[in-house]
Amino acid sequence: MKYLLMGAALAGSLSFSLCVPPEIRAWDGFDAASTDLVEVNPDRVPSPGETVDVRNYDTDTTETCLVESVSRNARTVELVVRTTAGATRTLVMEGR
């Protein structure tokens, strides 16, 4: 009986994660220069040359940025992105 309940709980959580809108499944981190909390959409490690949406929690703004480089470390992933205004930002994200 307990395995039946565990299976039902697992199936429910998997179905919920597949039905959650992409905005909720964002990738969390912070800006290295300002230490503002940010989230990146889509929720995956991008490649250089791709565009990502960066939401800044402190200012409650979102901007589309071009990924210039990606560096994987033991516990983090550093994204260097260029904003539409031409500024460069280093985002330190949770490791993947």
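Q: Why is Phe30 called partly exposed in this predicted model?
A: In this model, which is predicted, Phe30 has a relative accessible area of 32%; because buried means under 20% and exposed means over 50%, Phe30 counts as partly exposed. The residue is placed in strand E1.

Q: What makes Phe30, Leu37 and Tyr57 a nonpolar patch?
A: Members of a patch need over 30% relative accessible area and no salt bridge, and nonpolar side chains are joined within 5 Å. Phe30, with its 32%, is one of the three residues that form this surface patch, and together Phe30, Leu37 and Tyr57 have about 270 Å² of accessible area.

Q: Why is Thr35 called exposed?
A: The relative accessible area of Thr35 is 55%, and because the term exposed applies over 50%, Thr35 is classed as exposed. Thr35 is found in the loop between strand E1 (27–31) and E2, and its phi is near 60 degrees, a positive value in a residue other than glycine.

Q: What makes Asp60 an exposed residue?
A: With a relative accessible area of 53%, set against the requirement of over 50%, Asp60 is exposed. Asp60 is found in the loop between E3 and E4, and although Asp60 is not a glycine, its phi is positive, at about 55 degrees.

Q: What makes the contact between Asp31 and Arg89 a salt bridge?
A: The criterion is a side-chain nitrogen of Lys or Arg within 4 Å of a carboxyl oxygen of Asp or Glu, and the side chains of Asp31 and Arg89 meet at 2.8 Å, N to O, so the pair qualifies as a salt bridge. Asp31 lies in strand E1 and Arg89 in strand E6, so the pair ties together parts that are 58 residues apart in sequence. Both Asp31 and Arg89 are buried, a term that stands for under 20% relative accessible area.

Q: How do you know that Arg82 and Glu68 form a salt bridge, and where in the chain do they lie?
A: Their side chains meet at 2.5 Å, N to O, and because the limit is within 4 Å, the pair counts as a salt bridge. This pair links distant parts of the chain, with Arg82 in strand E5 and Glu68 in strand E4, 14 residues apart. Arg82 has a relative accessible area of 32% and is partly exposed, while Glu68 is also placed in the partly exposed class, at 35% relative accessibility. Elsewhere, Asp31, Glu63 and Arg89 are joined into one network by salt bridges that share partners.

Q: Why are Arg44 and Glu50 called partly exposed?
A: Arg44 has a relative accessible area of 39% and Glu50 has 24%; because the class between buried, under 20%, and exposed, over 50%, is partly exposed, the term applies to Arg44 and to Glu50. The side chains of Arg44 and Glu50 meet in a salt bridge at 2.8 Å, N to O. A search of the whole structure finds 5 salt bridges.

Q: How do you know that strands E4 and E5 pair?
A: Pairing requires at least two bridges between two strands, and strand E4 (residues 61–72) and strand E5 (residues 76–82) have 6 bridges in the antiparallel sense, so the two strands count as paired. Among the bridge partners, Leu66 is matched by Arg82 in E5, and Arg72 by Val77 in E5. E4 is joined to E5 by a hairpin through 3 residues.

Q: What makes E5 and E6 a pair of strands?
A: E5 and strand E6 (residues 88–94) run antiparallel and are joined by 7 bridges, and because at least two suffice, E5 and E6 qualify as a pair. Glu78 stands opposite Val92 in E6. The hairpin formed by E5 and E6 has 5 residues between them, and Gly86 in the turn has a positive phi of about 95 degrees.

Q: What is the order of the strands in the barrel?
A: The 6 strands close into a barrel in the order E1-E2-E3-E4-E5-E6, with antiparallel pairing. From one strand to the next, the twist averages 45 degrees. Along the sequence, the protein chain follows the pattern α-β-β-β-β-β-β.

Key. Residues are numbered from 1 along each chain as its sequence is written. This is a predicted model: local features need pLDDT of at least 70, side-chain atom pairs count only at pLDDT 80 or more; totals for chains, interfaces and linings use all residues. Side-chain values use heavy atoms; hydrogens and water are left out. Helices (H or I, at least four residues) and strands (E, at least two) are DSSP runs, numbered from the N terminus. Axes are lines fitted to C-alpha atoms, for helices over the stretch in contact, and angles run from 0 to 180 degrees between N-to-C directions. Buried means under 20% relative accessible area, exposed over 50%, partly exposed in between (1.4 Å probe, protein chains only). Patches are made of residues with over 30% relative accessible area and no salt bridge: like charges are joined within 9 Å, nonpolar side chains (Val, Leu, Ile, Met, Phe, Trp, Tyr) within 5 Å. Accessible areas come from the Shrake-Rupley method with a 1.4 Å probe; for residues, only the protein chains shown count as cover.
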